[in-house]
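User: Please take a close look at the disulfides in this model, and then place them beside the packing of the helices and the sheet. I would like one connected account that I can follow with the coordinates open.

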Amino acid sequence: MKMVRTESKSARNTNRSSPWKSNYVAYGLLLGSVFVLLYLMVSTQFSYSQKALLELDRATVDSAETIPAKHRRNHPRQEDVRARIEGFNREEEVAKAHTEQRRQEKQGESEQQWAQKNSIEEQSGHEMKSDNWEEKSQSEKEETVEESKQFGGGTDDYNNVADAKPICDTSFGKYDVCELAGDTRARGGSGATVTLVSPRAPPKEWEIKPYSRKYLDGLKAVTVKSVPNPENAPQCTTRLNIPAMVIELGGLTGNYWHDFTDVLVPLFIGARRFNGEVQLLVVNLLPFWVDRYKRIFGKISRHEIVDFENDDVVRCYPHVVVGYGSRKEFTIDPSLDETGGGYTMVDFTKFLRSAYSLPRHRPIKLSEVRPAGGSRRRPRMIILERTNSRKILNLAEVIAAAEAVGFKVIVAGRPRASYDVFTREMNSFDVMVGVHGAGLTNCVFLPTGAVLLQIVPYGRLEEIARTDFGNPARDMGLRYMEYSVAAEESSLMNVFGKEHPIIKDPAAVHMSGWGNVAEWYLAKQDVRINVERFKPSLLQALKQLQ
């Protein structure tokens, strides 16, 4: 019986706990179902919201493209984005304007400094340290080159305008050059214009001074334009199927060194590639000056030279070049100057010999001219005589010393014969000797391989002498030598004495400004050559001809 009661009690306990356990399970299942239901509802709502947002954005974009601007209503978020973009653009424009203003100020200051630095020197007929100025402006050039070039035309082949180049390059502080390839219309007169008609060229306008030193006062500007439609350009009066070149003859034209440095060498650089088939449109035409160099101009162009300032014809060409120049003084650097043919100063001197029909292309070679059983022929030396400053006071002694070492010496001053005869005479010499000055420009007529011996006045002028004549002479294929005058050979020693800063400290004089350098070392100095000191230079010049 006890066992029975025990089992009965256990069964009763089991029967009493079963309903509570069932309730717990039911509650758990119910809560789980609620959580699952809530999860599904939230997920469905989130998915629907994303899809609706995407559809809203897509519809907003589509409606912005199809609805006219005046009826558009923008989404608030789009307005915020647009406002931020417009604000950024305004800031960028302000920054660009500030940068451009500073760039123009810097460039203007540099050109003004260049002009002030060289004004006295230009009046006296030679340039000072142009390479130094170019180095100073190099950083400005790097900053402005991309901004200053505007695209839309220009090709080396003036019958092919497929490959666009910059129209005008104003990045160099010394001169500007524009190349207009395609339908180009040149109208002369007081407000001369050159207009390129090209659908590829954005409307643009430049004021170009077509001279090799654009910073000089008194130059006249030509307006260069690019327009997309023929209706915006003057109508052609005449049309030629050759290129044209617009140049100016103002500035320092008339000084012998500048005639070549500023006009004739740059003209060769710009026009020689056309092989005579180019027409020159000249601003400030100087007929007497052109007549002096008529053989050079006749070789550059076989066509009539146009007085562009007094021309009432609209002349149309397939290619026009406006402006000219050279990167260095009195020479051609084929790595910098765009000649269109890789021309050098050797080519320029050959061109001159052809223009003037000069017979000698190389100097005497002493090893080849000794007759059997006779004395050898003496090489010809010309000594350039100056009459104002930088005169050789003991010229007779210098002549005697040169003749003693074996030269046949001729002394020449300003040419009295025709220029054609004068150039032939210059071509007959093997050695040219002269004190630094414009007369040394005549070395362009020497035969390739001849000797140029420059006498450099006292006053640390070697750098100027090499820039103006030494480096160009080497580029011409000449054998260049220089003799630097000592303080004892300068007339300034008698004026100031050896303790004066002009004698004792030329570097300080240079630091004081170019005016003092030009006045004392160039304008008020003569030289008395120590012939014993000069003799080794004469012997070396003779040796160069072996």
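Analyst: What follows goes through the disulfides, then a helix pair, then the sheet, and finally two residues with unusual backbone angles. The model is a predicted one, and side-chain atom pairs were considered only at pLDDT 80 or more.

A search of the whole structure returns 2 disulfides. One of them joins cysteine 168 to cysteine 178, with the two sulfur atoms 2.1 Å apart. The torsion about this S-S bond is 110°, which gives the link of cysteine 168 and cysteine 178 a right-handed sense. Cysteine 168 sits in strand β2 (residues 165-169) and cysteine 178 in strand β3 (residues 177-187), and the two positions are 10 residues apart. Both cysteine 168 and cysteine 178 are buried.

The other link is formed by cysteine 236 and cysteine 316, whose sulfur atoms are 1.9 Å apart. About its S-S bond the angle is -100°, and the link of cysteine 236 and cysteine 316 is left-handed. Cysteine 236 belongs to the loop between β6 (222-227) and β7 (238-239), while cysteine 316 belongs to strand β11 (residues 314-322), so this disulfide ties together parts that are 80 residues apart in sequence. The surroundings of the two partners can be read from their accessibility: cysteine 236 counts as partly exposed because its relative accessibility is 28%, whereas cysteine 316, with a relative accessible area of 1%, is buried. When the bonded cysteines of the protein chain are numbered in sequence order, the pairing reads 1-2, 3-4. A further cysteine, cysteine 443, has 1% relative accessibility and therefore counts as buried.

Turning to the helices, α5 (residues 256-271) packs with α8 at an angle of about 90°, and their axes are 11 Å apart. The two helices, α5 and α8, are therefore roughly perpendicular to each other. On the α5 side the contact is made by Phe260, Leu264, Val265 and Phe268, and on the α8 side by Met345, Asp347, Phe348, Phe351 and Leu352. Sorted by class, the contact of α5 with α8 has 8 nonpolar, no polar and 1 charged residues.

The sheet to consider next is an open one of 5 strands, in the order β13-β12-β14-β15-β16, with parallel pairing. At its edges stand β13 (408-412) and β16 (479-484), each with a single partner strand, so one side of each has no neighbour in the sheet. On average, and with direction ignored, neighbouring strands of this sheet are turned by 20° against each other. Helix α9 packs on the sheet, where it touches β12 and β13, and its direction makes about 150° with that of β13. At the β16 edge, strand β15 (residues 451-456) runs parallel to β16 and is joined to it by 6 bridges, and valine 456 stands opposite serine 484 in β16.

Two loop residues complete the picture. Most residues other than glycine have a negative phi. Serine 357, however, has a positive phi near 55°, and it lies in the loop between α8 (345-355) and β12 (380-384). Arginine 390 likewise has a positive phi near 55°, and this residue is found in the loop between β12 and α9 (395-405). As to their accessibility, serine 357 counts as partly exposed because its relative accessibility is 46%, whereas arginine 390, with a relative accessible area of 5%, is buried.

Terms used
Residues numbered from 1 in each chain as written. Predicted model: local features only at pLDDT ≥ 70, side-chain atom pairs only at ≥ 80, totals over all residues. Heavy atoms only, no water. Helix = DSSP H or I, 4+ residues; strand = E, 2+ residues; numbered from the N terminus. Buried < 20%, exposed > 50% of the residue type's maximum accessible area, 1.4 Å probe, protein only. Disulfide = S-S within 2.5 Å. Axes fitted to C-alpha atoms, helices over the stretch in contact; angles between N-to-C directions. Parallel < 35°, antiparallel > 145°, perpendicular 65-115°, else oblique. Contact = heavy atoms within 4.5 Å. Nonpolar A, V, L, I, M, F, W, Y, C, P; charged D, E, K, R; others polar. Pairing = 2+ DSSP bridges.
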